[in-house]
Amino acid sequence: MNSNTDTLRLNLEDKPILRVAGAFDAMSAKLVELHGFDAIWAGSFSISATHAVPDASILTMSEFFDAASNMAEACQIPVIADCDTGYGGPINVRHLVKKYENAGVAAVCMEDKTFPKENSLLENGRNELISEKEFVAKIISAKEQKQDKNFMIIARIEALISGAGMNEALKRATSYEKAGADAILIHSKKKTPEEVFEFADLWKGNVPIVVIPTTYGSVKIDDIISHKIKMVIYANQTLRAAHASMSRVLEQMINSNSLSEVKEEISSMEDIFHLQEMFNIQEKEKEIENELKKLGYIG
Ligand code: SPV
Ligand code: MG
């Protein structure tokens with residue numbers, strides 16, 4: 001039993017809202033954990049960016065899986081893996097569920113777009129939907145494969161992104177829940193949360209609703225809660241912060257005579273030692289030394 005799956009389910013029941021932040025590797029995931037978020041979003045946009053390739057199904061499942069499983073290994077809080085379109089058809093989905101579940105990931109999210117997909121927020125991007133039936137087949141496949149009943153299959157609806165409209169989004173949400181989805185992620189690229197709130201107000205299903213307010217970032221958490229949305233994902237701010245900060249430091253270093261001229265605030269070596277538990281190593285080495293003493297190997 002993976003206790004992170006239980007944690008995610010319990011928190012969804014107990015808390016008014018779950019706040020999830022995006023990560024792109026084990027270090028950023030650890031920072032998400034240390035700052036008190038409920039879960040980590042292993043997002044395809046950020047992981048693709050760390051490979052300097054487009055978020056357009058360029059990386060394969062192996063690369064996304066390695067990133068998400070590194071996060072799960074490093075952290076105690078649940079990891080939610082963005083699995084794009086499921087890396088193929090229903091049989092590929094079976095395989096991914098097996099891999100991610102075994103790696104201790106608590107939830108996988110799949111979206112109902114065609115493969116190869118493009119990032120949903122790309123201006124003039126291609127956002128074609130697969131048929132409802134095809135996506136239902138993927139959900140059924142995921143549900144059949146999962147071993148732990150608390151492992152979550154999050155069905156991401158792209159109807160509002162693609163322009164298919166509210167009725168299509170609601171119809172698909174109902175079908176996806178019926179097929180076994182454990183949560184519905186309703187995505188939007190609008191500058192305000194209106195259409196997401198309309199969806200949430202009209203939704204008559206039972207599974208939790210998840211949102212990603214990247215484009216409607218001024219939305220308040222209390223308003224999200226008042227529309228009975230249960231999870232908010234800040235998907236890519238850590239990646240963008242890292243990019244901005246590294247760019248500033250590099251700009252200053254290339255124009256400096258000395259490192260002391262660099263004014264951009266950077267973490268100390270000690271900060272990083274803490275994160276990677278270097279100090280723990282010394283403690284562990286002492287423990288081993290004590291045991292060796294007891295056994296008479298050291299005088
Ligand atoms: C991601 O973070 O990879 C997402 C969210 O899927 S979005 O970039 O809005 O498509
Ligand atoms: Mg993504």
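# Exercises on a predicted model

D84 is placed in the loop between β3 and α5. The structure is a predicted model, and the exercises start from this loop.

## Exercise 1

Task: Find which sign phi takes at D84 and at Y87, and where Y87 lies.

Solution.
- Step 1. Take D84. Its phi is positive, about 50°, although D84 is not a glycine.
- Step 2. Check its surroundings. The relative accessible area of D84 is 2%, under the 20% limit, so D84 is buried.
- Step 3. Move to Y87. This residue also lies in the loop between β3 and α5.
- Step 4. Read its backbone. Y87 has a positive phi of about 60° and is not a glycine either.

## Exercise 2

Task: Classify the ring pair of F64 and Y87, and say which parts of the chain the pair ties together.

Solution.
- Step 1. Count the pairs. The structure has six aromatic pairs.
- Step 2. Take the geometry of one of them. The ring centres of F64 and Y87 are 6.0 Å apart, and the planes meet at 20°.
- Step 3. Apply the cut-offs. Centres within 6.5 Å make a pair, and planes under 30 degrees apart count as stacked. The F64 and Y87 pair is therefore stacked.
- Step 4. Place the residues. F64 belongs to helix α4 (residues 61-74), while Y87 is in the loop between β3 (79-82) and α5 (90-102). They are 23 residues apart in sequence, so the pair ties together separate parts.
- Step 5. Buried or exposed? F64 has 2% relative accessibility and counts as buried. Y87, at 15%, counts as buried too.

## Exercise 3

Task: Do the classification again for F135 and Y176.

Solution.
- Step 1. Start with the numbers. The centres of F135 and Y176 are 4.7 Å apart, with 55° between the planes.
- Step 2. Name the class. The angle is neither under 30 degrees nor over 60, so this aromatic pair is tilted.
- Step 3. Locate the partners. F135 is in helix α6 (residues 132-145) and Y176 in helix α8 (residues 166-179). With these positions 41 residues apart, the pair links distant parts of the chain.
- Step 4. Check accessibility. F135 is buried, at 0% relative accessible area. Y176 is also at 0% and counts as buried.

## Exercise 4

Task: Find which residues coordinate the magnesium ion (ligand 2), and where they lie.

Solution.
- Step 1. List the donors. S44 coordinates the ion through OG and D82 through OD, at 2.1 to 2.2 Å.
- Step 2. Place them. S44 sits in helix α3 (residues 44-50), and D82 in strand β3. The two are 38 residues apart, so distant parts of the chain are linked.
- Step 3. Check burial. S44 is buried, with 2% relative accessible area. D82 counts as buried at 5%.

## Exercise 5

Task: Work out how β8 pairs with β1 and β7.

Solution.
- Step 1. Take β1 (residues 18-23) with β8 (residues 231-234). They pair in the parallel sense over four bridges. R19 has V232 of β8 as its bridge partner.
- Step 2. Take β7 (residues 209-211). It runs parallel to β8 and is joined to it by two bridges. V210 has M231 of β8 as its bridge partner.
- Step 3. Add the helix. β7, helix α10 (residues 221-226) and β8 form a right-handed β-α-β unit.

## Exercise 6

Task: Find where the peptide bond from F115 to P116 lies, and its geometry.

Solution.
- Step 1. Read omega. It is near -5°, and the bond from F115 to P116 is cis.
- Step 2. Place P116. It is in the loop between β4 (107-111) and α6.

Conventions. Residues numbered from 1 in each chain as written. Chains lettered and ligands numbered in written order. Predicted model: local features only at pLDDT ≥ 70, side-chain atom pairs only at ≥ 80, totals over all residues. Heavy atoms only, no water. Buried < 20%, exposed > 50% of the residue type's maximum accessible area, 1.4 Å probe, protein only. Donors = N, O, S within 2.8 Å, 3.2 Å for Na, K, Ca; no water. Pairing = 2+ DSSP bridges. Right-handed = clockwise from strand over helix to strand, strands pointing away.
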